[in-house]
Amino acid sequence: MSNTLKGALIIGQSGGPTSVINASAYGVIRTALDCPDITAVYGAAHGIKGVLNDKLYNMGQEDAKELELLLNTPSSELGSCRYKIADPDADDTDYKRILEIFKKYDVRYFFYNGGNDSMDTCNKISKYMQKVGYECRIMGVPKTIDNDLFGTDHCPGFASAAKYIATSCAEVYKDARVYDTGMVTIIEIMGRHAGWLAGAAALAGVVGCAPDLVYLPEVDFDMDKFLADVDRIFKANGNCIVAVSEGIHYADGSFVSEAKTSATDGFGHAQLGGLAALLASVVKEKTGAKVRGIELSLLQRCGAHVASRTDIDESFLAGKTAVEAAVSGETDKMVGFVCTRDGGYKCETKLFNLSEVANFEKKVPLEWINAEHNGVTQAFIDYALPLIQGDAKAPTEQGLPRFARLKKVLAK
């Protein structure tokens, strides 16, 4: 039986952006444009919504040089969405529409570039197409700064966010020590249920600028112990820097930051934020010290100027591998990484079943968190440090980053 399947390809991006998600998209687009079995390459405007709304960009109309600039262009250039597709057994309206669009453009390859929810979407579409007997090879291309996708050693996007966080913590460390009167600085870092990003703050210790305390959501947070830790360090050193995950919670499971409002995103996740300000006010009240709360917010996921070269290269590789695997007959898979760190860092791609990846979260191993629950161990540093190596070497224009400027010609 021949594995040859001729037809068009759609790539969509979904969920929160990263500084390297476009490197993965470029890996898909460039490889697909150069592949004789793929008759056309389309980018879905705003993820699966672009498919549902019949809004597809013809990537073959783009200038090759502009496409190459995607390697250093942050955020999701095709546009993203947070749209939860229904279970096809409960409501197959969206699926019928997707099939209609696939048939209209003779789409035989569908690639979705995203995190947990995106892999779930991929899996559902794949199962539906199999059920109705429409041959379409479906691949998940991972991205998430949260680094919480199951199976893979790490996720494209995490390393660059980790590098931004560690760099910013080191810079803040220097800034917070200039006055003869000390200060407590609390840096709030993204990560709802997994503490990979907050843990990355500890990488600043490699250059002698480690935060004094790091709090991850994998373990319960104790406000009294936190205040005692801060007070002890501040009295001893005259300064204290705290890195804290937005998702830290009390023993009863309630988020420390949980605002009284009920703002949620499209997937019903509580919107977190304002934690640094809240902790800063508590610390100020209890210690009387000068306190500054800093929320890195969107900066940590779009900071392409300090992207990791390792991350850019691996993100491109994930997209390229997805196309090569699909063309050779694979479907219903996500591209992930298997890495070794003994005797030098080595990373290889591996295909994971979408059903195994979708909706499982990978957390920081508890043995990588110190006994006091206020820092990470050397094992965490050894895991993360190789991922942030190498500089982006991004092109500039008059001293500013030169990002891709796509024409986004709509497919007809």
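Here are some friendly notes on this chain, which is a predicted model, going from the whole fold down to single residues.

1. **Overall build.** The chain contains 13 helices and 13 strands. Its radius of gyration is 22 Å, close to the 22 Å that the globule rule gives for 412 residues, so the chain is as compact as a globular protein of that length. If you want a sense of its outline, the C-alpha atoms fill a box of roughly 70 × 50 × 40 Å along the principal axes.

2. **Inside and outside.** Of the 412 residues, 57% count as buried. The exposed surface of the chain comes to about 17,200 Å², and carbon and sulfur atoms supply 51% of that area.

3. **Contacts along the chain.** Take the contacts with a sequence separation of 6 or more: 78% of them join residues 24 or more positions apart. Some individual pairs appear in the points below.

4. **Charges.** The chain carries 44 positive and 53 negative charges. The mean positions of the two sets are 5 Å apart.

5. **Helix 5.** This helix covers residues 116–132. With 17 residues at 1.5 Å a residue it should span 24 Å, and the end C-alpha atoms are 25 Å apart, which agrees. Helix 5 is mostly covered, with 13 of its 17 residues buried. Right after the helix comes glycine 133, whose phi is positive, near 75°.

6. **Two residues of helix 6.** Glutamate 171 lies in helix 6, which runs over residues 158–175, and lysine 174 lies in helix 6 as well. Glutamate 171 has a relative accessible area of 52%, so it counts as exposed. Lysine 174 is exposed too, at 57% relative accessibility. As a reminder, an α-helix has 3.6 residues a turn, so residues three or four places apart point the same way.

7. **Distances from helix 6.** Lysine 174 and cysteine 209 are 35 residues apart along the chain, with 7.6 Å between their C-alpha atoms. For glutamate 171 and threonine 18, 153 residues apart along the chain, the C-alpha separation is 22 Å.

8. **Aspartate 106.** Most residues other than glycine have a negative phi. Aspartate 106 has a positive phi, near 50°. You can find this aspartate in the loop between helix 4 (93–104) and strand 4 (107–114). Its relative accessible area is 34%, so aspartate 106 is partly exposed.

9. **Alanine 392.** Is alanine 392 buried or exposed? Its relative accessibility is 3%, so it counts as buried, the cut-off being under 20%. The residue is in the loop between helix 13 (378–384) and strand 12 (396–397). Leaving aside residues up to four places away in sequence, alanine 392 touches Asn72, Ala304, Ala307, Arg309 and Ile312. Alanine 392 and serine 160 are 232 residues apart in sequence, while their C-alpha atoms are 9.5 Å apart in space.

10. **Lysine 393.** Lysine 393 also sits in the loop between helix 13 and strand 12. At 67% relative accessibility, lysine 393 counts as exposed, whereas alanine 392 is buried. The phi of lysine 393 is near 50°, a positive value in a residue other than glycine. It is worth viewing lysine 393 in that loop together with alanine 392.

Notes: Residues numbered from 1 in each chain as written. Predicted model: local features only at pLDDT ≥ 70, side-chain atom pairs only at ≥ 80, totals over all residues. Heavy atoms only, no water. Helix = DSSP H or I, 4+ residues; strand = E, 2+ residues; numbered from the N terminus. Rg over C-alpha atoms; globule rule 2.2 N^0.38 Å. Buried < 20%, exposed > 50% of the residue type's maximum accessible area, 1.4 Å probe, protein only. Contact = heavy atoms within 4.5 Å. Areas by Shrake-Rupley, 256 points an atom, 1.4 Å probe, with all protein chains shown as cover. Lys, Arg positive; Asp, Glu negative; His and termini not counted. Charge placed at Lys NZ, Arg CZ, Asp CG, Glu CD. Expected span 1.5 Å × (residues − 1).
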